[in-house]
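Have a look at the model below and keep it open while you read. We'll start with a single residue, then work through a sheet, some rings and a long-range contact.

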Amino acid sequence: MAQQDTATTVAAGTPAAAGEAFPSACDAANAPAADLEAGAPLTGTPALAPAVAADISKNPYKADFPLFSYHPGLYFLDSAATAQRPAAVIDAQADFYRQMNASPLRGLYELSVQATQLIDEARVKVARLIGAPDPREVVFTRNTSESLNIAAHCLGRLLLRPGDQVVISVMEHHSNLIPWQQVCAETGAELVYLYPDAEGHLSDEEIEAKIGPKARIVSVAHVSNVLGVELPVRKICDRAHAMGAKAVVDAAQSVPHMKVDVEELGCDMLAFSAHKVFGPMGVGVLWGRMGLLEAMPPFLTGGEMIDSVTEAEAVWAPVPEKFEAGTQDAAGIGALGTAVDYVEAVGYPAIQAREEALVDYLTARLAELDYVTVYGPEDPHERHGVVAFNVEGIHPHDVSSLLDSKDVCIRAGHHCAQPLLLRLGVENTNRASLAFYNDKSDIDALIDGLEFVWGVFNGSR
């Protein structure tokens, strides 16, 4: 892939003056609301052309993220667990409490109306981000785990009977596995697993064999949080529908890295977390087709999710409020809307080009270390920001702890995907996960750190 000097080209090919600093994507994320109406693309977007963004020796993005200013020597390679937040997102959340702190939906005074409007605006932005045809189909939750629990228990109560089947892959995060285990035990349905090859690929034969006429629900991750491999979701959804089943997608590891369109995927429900897509912790998204959401029973009951209540019964509020019991995190939801603005300002083409270059470089550097085993697809272009590996004879917890002494942050453990790791023949791995704000220096620090770890355990340090 050709690389260019980042001082020569800006988004849409606009030349930059010699030595001119790149405008911050935070500026676009803070653009006036008028610039964001009617689903129009952001104006003045400072996204870099993909070829420029892919120059990982330079980093026009890191300055947008305050944590790196507070920790200038930090090498953060754990974005699959939680991404960092740009200043615009942090400011948006704080500004809610400074400027409009009031309970949404519950008041007719101006501050309450503004808080309600903030949630409505964020719902529109999220719908635009994932290609949802109706913003009312976007339900706000606490995280992906809660979203998938709603999908499992509410969809399960609606569709499952004894003898029915729920199909998931063995690569699922526990958040897309345990809820289905529970609902199958409650309903008498059978849980069926799709098994990949050693690189994480699901074959057509496996999909057709496992998603059969007894399937009522199929739920899979879009991207594995361990192997970084993209599952053939469109093919899985089409097979599910052909068998009369509904399809649920865990998009927690795909929305931060690629354009996700629910219509193109063909799914019936989709879940992701704000904190993995550069938004705040404590906010999640569940998207579902309107007819399905209307048919499903609510998951939580109480305030704001009712239309009327008598001593004997209640009538549910319309979707999405039907699934949003209690006071919503208006500050966090508003900040998620700003995170969406930021992602659109950077642009998925630039994000994908840069992360592809980062993964290429990381896998090439890891291949230089003959004591490191990498799991997943051999082709780095099949990975989306995640590389799992082990160091020969050294427990991942020890690797991570020693790397921390060098200010290198990675994940170590089973990554909430124990069935997959057992299938790979290991109990734990190290995991380095990348975002577009990483650069070559982060990867070089990881490799230097791994050489240090090897030396500590093998007497050369």
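Is Asp164 buried or exposed in this predicted model? Its relative accessibility is 10%, and because the cut-off for buried is under 20%, Asp164 counts as buried. You'll find Asp164 in the loop that runs between helix 6 (144-159) and strand 3 (165-169). Its side chain has a polar atom 2.7 Å from the backbone nitrogen of Arg161. Leaving aside residues up to four places away in sequence, Asp164 touches Leu159, Ala189, Glu190, Lys214 and Arg216.

Now scroll along to the sheet. Here 4 strands form an open sheet in the order 11-12-15-14, and the pairing is antiparallel. Strand 11 (372-375) and strand 14 (411-413) sit at the edges, each pairing on one side only. Going from one strand to the next, the twist averages 30°. Zoom in on strand 12 (residues 386-391) and strand 15 (residues 429-433): these two are joined in the antiparallel sense over 4 bridges. If you want a marker for the register, take Val387, which stands opposite Ala432 in strand 15.

Which helices lie across these strands? Helix 13 (residues 348-367) lies across strand 11, strand 12 and strand 15, and runs at about 10° to strand 12. Helix 14 (residues 396-404) lies across strand 12, strand 14 and strand 15, at about 155° to strand 14.

On to the aromatics. There are 14 aromatic pairs in the structure. Try selecting Tyr61, Phe65, Phe68, Phe278, Tyr342, Phe436 and Tyr437 together: ring pairs link them into a cluster. Phe68, one of that cluster, also has Lys62 over its face, at 5.0 Å from the ring centre. A lysine is placed over a ring elsewhere too: the charged end of Lys406 sits over the ring of Phe452, 4.3 Å from its centre.

One last stop is helix 4 (residues 87-99), where Tyr97 lies. How far apart are Tyr97 and Ala331, in sequence and in space? Along the sequence they are 234 residues apart, yet C-alpha to C-alpha they are 7.1 Å apart. Tyr97 touches Ala331, and Asp329 as well, not counting residues up to four places away in sequence.

Notes
Residues are numbered from 1 along each chain as its sequence is written. This is a predicted model: local features need pLDDT of at least 70, side-chain atom pairs count only at pLDDT 80 or more; totals for chains, interfaces and linings use all residues. Side-chain values use heavy atoms; hydrogens and water are left out. Buried means under 20% relative accessible area, exposed over 50%, partly exposed in between (1.4 Å probe, protein chains only). A polar contact is a pair of N or O atoms within 3.5 Å; within protein, one must be able to donate a hydrogen and the other to accept it, and residues adjacent in sequence count only if both atoms are side-chain atoms. Contact means heavy atoms within 4.5 Å. Two strands pair if DSSP finds at least two bridges between them. Axes are lines fitted to C-alpha atoms, for helices over the stretch in contact, and angles run from 0 to 180 degrees between N-to-C directions. Rings of Phe, Tyr and Trp (its six-membered ring) pair if their centres lie within 6.5 Å; planes under 30 degrees apart count as stacked, over 60 as edge-to-face and the rest as tilted. A charge sits over a ring if NZ of Lys or CZ of Arg is within 6 Å of the ring centre and within 35 degrees of the ring normal.
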